[in-house]
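Subject: A structure to look through

Dear colleague,

I am handing over a structure for you to look through, and below it I have written down what was found. Please keep the sequence open beside the text as you read.

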Amino acid sequence: MANRQLVSGTLGLPGLALVLVAVWAPGGSPAPGAFAAPLAQAAPGVVRVPITGTIELGVAPFVARALSEAAAAGAPAVILDLDTPGGRVDAAWKIIDDLRDAEVPVYAYVNRRALSAGAMIALAADRIYMRPGSTLGAATPVTGDGEKASEKMVSAMRSEFRALAEERGLDPRIAEAMVDESVEVPGVSEAGKLLTLTTEEATALGVADGEVRDLLELLEVMGRPAAAVRDIQPNWAEAIVRFLTNPAVAPMLLSLGFLGILIEIRTPSFGIAGAIGLGALAAFFGAHHLVHLAGLEEILLFGAGVALIGLEILVIPGFGVAGILGTGAVLSAAVLGMVGQVPTFDQVFNAAGLVALSIILVGVAGWALIRHLPRSNRLTGLFLRDSTSRETGYISAPEREDLIGKLGVATTDLRPAGVARVGDERIHVVTEGPWLEAETAVRVLEVASGRVLVRRAGETNTLENRNEA
């Protein structure tokens, strides 16, 4: 059985957070029963597992849980109710591994169609039964844009189908013809045409063990006409994980996460934007971790990237090596978190495209929001904030009117320029009159255009004396 499982049950709000981080037992596996009450609490019966729609990585832990609970409950058999156009190959491979290790007999019931990855799952079952009018086959792997995958991927799928056919005692060429249109099977499939079998054809060739009208007839064929049937449906945890790993949702999570962090850096204090951003990124990596896409390596890589970017913003002035490495680490972690353990070029390309889409969304939304957000000093070393115009003129230094009238001490000889300490600051100053020696008490008389004018403390302003005279 698969060593990582999600199990059904009902949890409160704290349980929802555990969906994103999982409850891991020693050895890297979730603790069995962490999310659910086992099926063994009820009387054993035949277990029906529906597999409908596109097969995604979120389906794999659902099937693993169903097989585990069926074995724990002492169920006599498991029925995979298939109606799927296919989906991710790596998800199907995980399901096939679990079917091969199942402790109970598994029957595949092709209820309308089992195409592509669905056909591979059906062939991995102990028996295949098909509803009238159903189809089985058409398993050529394709890329995200619908084009035929590389020869390397086609060869891997062809070998997988051939191995499954050999396990069932079928003609391996029939299985290969479902994957590769160049394979010819005399009397069955012509070269250049991909093989897809109807119910009658699959039964005649021995690929399917029989034709059944419905689930009741399937139970009769199985020799269990009076057996109770228990449906196992995806629980809320699996539904959430499947939703979060959907290719349409993943880039939105990344965009929301990056945008939240960007807003948080811009605004003066930590608030709801930062919490939402961190939550979105936690949901992305947590969900992909549960379906075995993102491992600890990707999570650590992402954390290191965030740390480098923070170092660049808060410590190192400008945008240099740390910022570039941090940005690259974050983007790499996001891409690696959406591909399998042995990714193909197409998977990497599609994942990179989704990350690029999230960057574009963040760029557009960030540009619109930052213009209206309050200022923060966190980005001082990264962005130039001050600007000048023709009307205001050039400002070489900030105006320090707060210094006027304050007392200080000359730390160097003022001839007439030098350095004085005013409060806790060392300031370049100029005397208004005679030169002053170091350690002379001075008072700030005027600040204009960056020049700080001082006189000896206790003396009357020379200009005022002249006016009085």
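The model is a predicted one. A good place to begin is V207, which, if residues up to four places away in sequence are not counted, touches L123, I128, L136, R168, L170, I174, M178, L197 and A202. V207 also belongs to the largest nonpolar core, a set of 61 residues in which V78, L80, F161 and V207 are the ones that touch the most other members. Among the contributors to this core, helix α2, which covers residues 59–73, gives the most, with 7 residues. Apart from this core lies another one, made of 19 residues, and V241, L244, A250 and A280 are among them.

Please look next at three strands further along the chain. Strand β11 (residues 407–410) pairs with strand β12 (residues 417–422) in the antiparallel sense, over 2 bridges, and in one part of this pairing A410 has A420 in β12 as its bridge partner. The connection between β11 and β12 is a hairpin that runs through 6 residues.

On to the following pair: β12 and strand β13 (residues 425–431) also run antiparallel, and 6 bridges join them. Here V422 stands opposite E425 in β13, and the hairpin that β12 and β13 form has 2 residues between the strands, while G423 in the turn has a positive phi of about 70°. When you follow the side chains, it may help to remember that in a regular strand they alternate between the two faces of the sheet.

With best wishes

Conventions: Residues numbered from 1 in each chain as written. Predicted model: local features only at pLDDT ≥ 70, side-chain atom pairs only at ≥ 80, totals over all residues. Heavy atoms only, no water. Core = buried A, V, L, I, M, F, W, Y, C linked by side-chain atoms within 4.5 Å. Buried < 20%, exposed > 50% of the residue type's maximum accessible area, 1.4 Å probe, protein only. Helix = DSSP H or I, 4+ residues; strand = E, 2+ residues; numbered from the N terminus. Contact = heavy atoms within 4.5 Å. Pairing = 2+ DSSP bridges.
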